[in-house]
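Here's a relaxed walk through this fold, strand by strand and ring by ring. Keep the viewer open as you read.

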Amino acid sequence: MTQTFRTMCPMNCHPTLCGMEVTRDAAGAVTITGDESNPDSAGFLCMRGKAAHEIVGNDQRLLQPMARTQRGSDTWERLSWDGALDRIAAQMQAVGREAVGFWQGHGNWGNDYAFGLKRAQMDRFANLYGCQAWNPAMICWGLGAFGLGLTGAIETSTKEDLSAHSEMVILWGANTVSQANTLRHVEIAKRRGARVVVVDVRRTEASALADEVLLLRPGTDTALALAMMQVILAEGLWDRDFVAAHTVGFDALADHLTRNTPEWAAERTGLPAEQIADLARRYAASPAAMIVLGGSSVHKGDNTWQAARAIGCLPALTGNFGRAGGGIGPRHGGRSHGVGFVDVSAADRRLPGTYIPNQMEAILEALESGAVKVLVSLGSNLLSSFPDTARTRAALARAELVVTHDIFPNQTIREAADIVLPGTIWLEEIGAKSTNTHVHLCDRVLPPAGEARPVHEIYIGLAARLGVEDVYPWTDQEAAVNAVLDHPATGHATVDSLRAAGGRAALAVSHVAYPTHSFTTPSGKIEFTSARAVEMGLPALPEMPDPAEEGGLVLAHGRTFAHFHSFFDHARALPTLAAREAAPALWIAPTDAAERGIEDGAAVEMHNARGCFTAQAKVTPRIPAGVVWIRDGWPGLNALTDASAVLPEAALGAFPFSVGQSRFGARVELRPVLAGSGA
């Protein structure tokens with residue numbers, strides 16, 4: 001019998017989450033198409049979504065538990081699940097609970113992103129057992145949200161609000177490849193007459209949609225935002241009523257900005273001063289201006305959190321918060337006003353202990369010092385996602401046991417794992433995903449392949465061996481989904497009610513962020529000056545430190561259509577996407593290439609004091625001189641990047657998401673790889 005199921009794409013391009021229809025025939029074969037009834041994607045699937053069918057039946061799948069026979073070797077022996085869990089639990093008992101760390105990533109959320117059940121189930125185990133556990137937002141959107149949060153602007157308006165009401169849209173480090181559904185709404189707004197501006201470090205795919213493109217030097221977004229504010233103040237363009245009623249620290253901000261003129265910013269950004277001033281005037285004059293802020297790539301390197309801190313002040317100066325078509329638009333990790341789900345993590349029952357903070361630097365130090373001796377990685381890939389690969393590899397080698405749970409091999413599994421557990425794909429288990437406006441059921445379509453098991457069975461098995469109670473209080477995962485759904489924002493939906501409604505429920509949210517003008521700060525207002533920041537040892541006002549005098553080219557990172565995050569072995573396991581990007585492409589300006597004797601398409605070695613990486617040169621005028629750009633996630637790329645912490649430990653607990661990202665900065669030099677050199 002043929003059956004049709006509605007589910008969601010297993011790629012986590014939040015807030016772009018696309019619907020799928022999966023048809024399973026009598027023989028168990030599946031066909032996947034875009035779900036035209038889906039209110040967010042309306043049948044659209046990008047090339048990543050269209051390649052998702054290659055996950056099913058893929059001969060690279062991990063299908064049985066395995067253990068490396070000896071460290072340093074590439075030989076493995078098969079284990080039973082019981083045997084694997086016995087080994088893991090015994091080592092956990094031997095080292096003690098506080099020397100055990102759990103880390104999960106996007107690969108664990110193919111049917112869970114922004115819903116949070118799987119994140120909470122890992123946290124529940126860690127809380128009741130009393131071990132270390134860390135949140136992966138620190139390697140993704142956490143730093144940007146930290147900057148917005150200090151200002152008071154965590155909530156986001158929806159793409160539907162953008163298309164219906166925005167008169168100006170600034171795509172600030174936000175590109176089509178990360179927000180395909182958002183860009184469809186930008187197109188609608190443009191056809192309605194909205195002005196579209198792109199701010200980025202290269203001429204991206206989204207630039208084709210723009211009325212104006214500003215290409216600035218990486219790490220100088222803060223300078224642009226500060227100079228825009230200076231123009232708005234100097235020319236009296238701010239919304240006096242909004243500022244008086246809903247902000248604190250305006251006078252201090254005005255004094256602070258006196259030196260941040262367009263001329264000052266021009267020296268740092270490389271943009272003409274008049275272009276900066278003109279953008280500020282247009283933004284202030286727009287009756288509804290929305291900024292769509294990019295995710296992790298905006299905040300890597302010299303930008304860090306200050307960029308979002310400064311950008312978040314702009315809608316407050318112009319009265320765009322709480323206004324239809326204004327404020328901050330959809331972003332990775334962002335949530336609408338009113339959204340919520342039940343937290344089942346048992347955070348209030350966390351055992352007392354000495355815990356390693358949510359900070360990448362702190363995790364590496366804990367591995368290096370032996371404070372963490374057992375590491376369990378769930379759907380993640382530390383060697384690819386952590387900076388300074390050589391240091392990360394050495395830190396993992398000091399652990400007594402490294403366990404991974406995933407569906408495909410990846411760099412960490414190949415180079416560092418001791419035990420590998422096979423996970424289920426998104427069609428082999430039940431879950432749910434949330435966009436900014438809807439919660440969508442991800443129903444089970446297929447039985448698990450081979451000996452693959454869903455991640456919650458690891459917690460159940462370990463809890464039984466370690467004597468930890470109440471780790472899994474549900475009869476099954478459908479009941480666990482129901483527990484998280486039981487929230488006013490969902491209308492107290494259930495799996496059955498979602499099935500009856502075609503696989504989704506509209507969330508009780510406002511399309512406009514902060515409709516009541518009650519902001520997420522201690523004062524309840526937008527905080528141009530932040531007492532919290534001072535208490536953390538950070539500047540009270542948004543500021544941009546003077547740039548360091550360093551040589552070389554600035555390395556910038558981003559996404560491509562064929563890749564999003566580390567899962568599916570960075571898409572190398574999916575033939576269509578692997579063929580699209582056969583080798584790493586490094587964008588370089590023609591003048592920089594000519595100075596170094598580099599030709600388009602040639603192999604080049606990118607290097608600095610930390611390491612080196614080989615790529616294929618893409619010589620293009622779409623990137624300014626002094627900058628090189630590459631898709632992130634290539635195995636070995638992070639050998640070049642900086643692992644130093646961005647924020648002090650006092651800042652790490654300010655928000656419920658984790659913010660402990662490393663700097664990821666890198667300045668590099670290039671040299672051609674000569675034929676026969678072996679490089």
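Ile291 of β12 stands opposite Ile328 in β13. This is a predicted model, and the pairing of β12 with β13 (residues 327–328) is parallel, over two bridges. Strand β8 (residues 168–172) also pairs with β12 in the parallel sense, this time over five bridges. If you want a place to pick up that register, go to Met168, whose bridge partner in β12 is Ala289.

So which way do the side chains of β12 point? Ala289, Ile291 and Leu293 go one way, while Met290 and Val292 go the other. Buried or exposed, though? Every one of them is buried. With five of the five residues of β12 (residues 289–293) buried, the strand is largely enclosed by the rest of the structure.

β12 also turns up in the surroundings of helix α4. What covers the buried residues of α4 includes β12, α12 (306–311), β20 (526–527) and α21 (531–535). The helix itself, residues 142–151, is mostly covered, with 10 of its 10 residues buried. Have a look at who they are: Gly142, Leu143, Gly144, Ala145, Phe146, Gly147, Leu148, Gly149, Leu150 and Thr151. Right after α4 comes Gly152, with a positive phi near 115 degrees.

Phe146 of that helix has aromatic company too. Ring pairs tie Phe146 into a cluster with Trp141, Trp305, Phe655 and Phe657.

**Rings elsewhere**

How many aromatic pairs are there? The count comes to 19. Take Phe102 and Phe125: their rings are tilted, 5.2 Å centre to centre, with 50 degrees between the planes. This pair links distant parts of the chain, as Phe102 belongs to strand β6 (residues 100–104) and Phe125 to helix α3 (residues 117–129), 23 residues apart. Both Phe102 and Phe125 are buried. Tyr514 and Phe519 make another tilted pair, at 4.8 Å centre to centre and 40 degrees between the planes. Tyr514 and Phe519 are both buried as well.

Some rings have a charge over them instead. Here are two arginines that sit over tryptophans:

| Arginine | Ring | Distance from ring centre |
|---|---|---|
| Arg240 | Trp238 | 4.0 Å |
| Arg631 | Trp634 | 3.9 Å |

**The open sheet**

Back to β6, the strand that holds Phe102. It's part of an open sheet of seven strands, in the order β5-β4-β16-β15-β14-β6-β7, with mixed pairing. Why do β5 (76–78) and β7 (132–134) each have one side without a neighbour in the sheet? They stand at the edges with a single partner strand each, so one side is left open in that way. From one strand to the next, the twist averages 20 degrees.

Inside this sheet, β6 runs parallel to β14 (residues 374–378), and five bridges join them. Trp103 stands opposite Ser377 in β14. Helix α2 (residues 81–95) packs on the sheet and touches β4 (66–68), β5, β6, β14, β15 (401–406) and β16 (419–422). The direction of α2 makes about 130 degrees with that of β16.

**The barrel**

There's a closed sheet to look at as well. Six strands form a closed barrel that runs β21-β25-β22-β24-β23-β26, and the pairing is mixed. Here the twist averages 45 degrees from one strand to the next. Strand β21 (residues 553–558) and strand β26 (residues 667–672) run antiparallel and are joined by two bridges. At that seam, Val554 stands opposite Arg667 in β26.

**A helix pair**

Last stop: helices α7 (residues 221–234) and α11 (residues 273–285). They pack at an angle of about 65 degrees, and their axes are 8 Å apart. The crossing of α7 past α11 is right-handed. Which residues meet there? From α7 you get Leu224, Ala227, Met228, Val231 and Ile232. Facing them in α11 are Ile276, Ala277, Leu279, Ala280, Arg281, Tyr283 and Ala284. The spacing is no great surprise, because an α-helix has 3.6 residues a turn, so residues three or four places apart point the same way.

Conventions. Residues numbered from 1 in each chain as written. Predicted model: local features only at pLDDT ≥ 70, side-chain atom pairs only at ≥ 80, totals over all residues. Heavy atoms only, no water. Pairing = 2+ DSSP bridges. Helix = DSSP H or I, 4+ residues; strand = E, 2+ residues; numbered from the N terminus. Axes fitted to C-alpha atoms, helices over the stretch in contact; angles between N-to-C directions. Buried < 20%, exposed > 50% of the residue type's maximum accessible area, 1.4 Å probe, protein only. Phe/Tyr/Trp six-rings, centres within 6.5 Å; stacked < 30°, edge-to-face > 60°. Lys NZ or Arg CZ within 6 Å of the ring centre and 35° of its normal. Left-handed = near helix turned anticlockwise from the far one by under 90°. Contact = heavy atoms within 4.5 Å.
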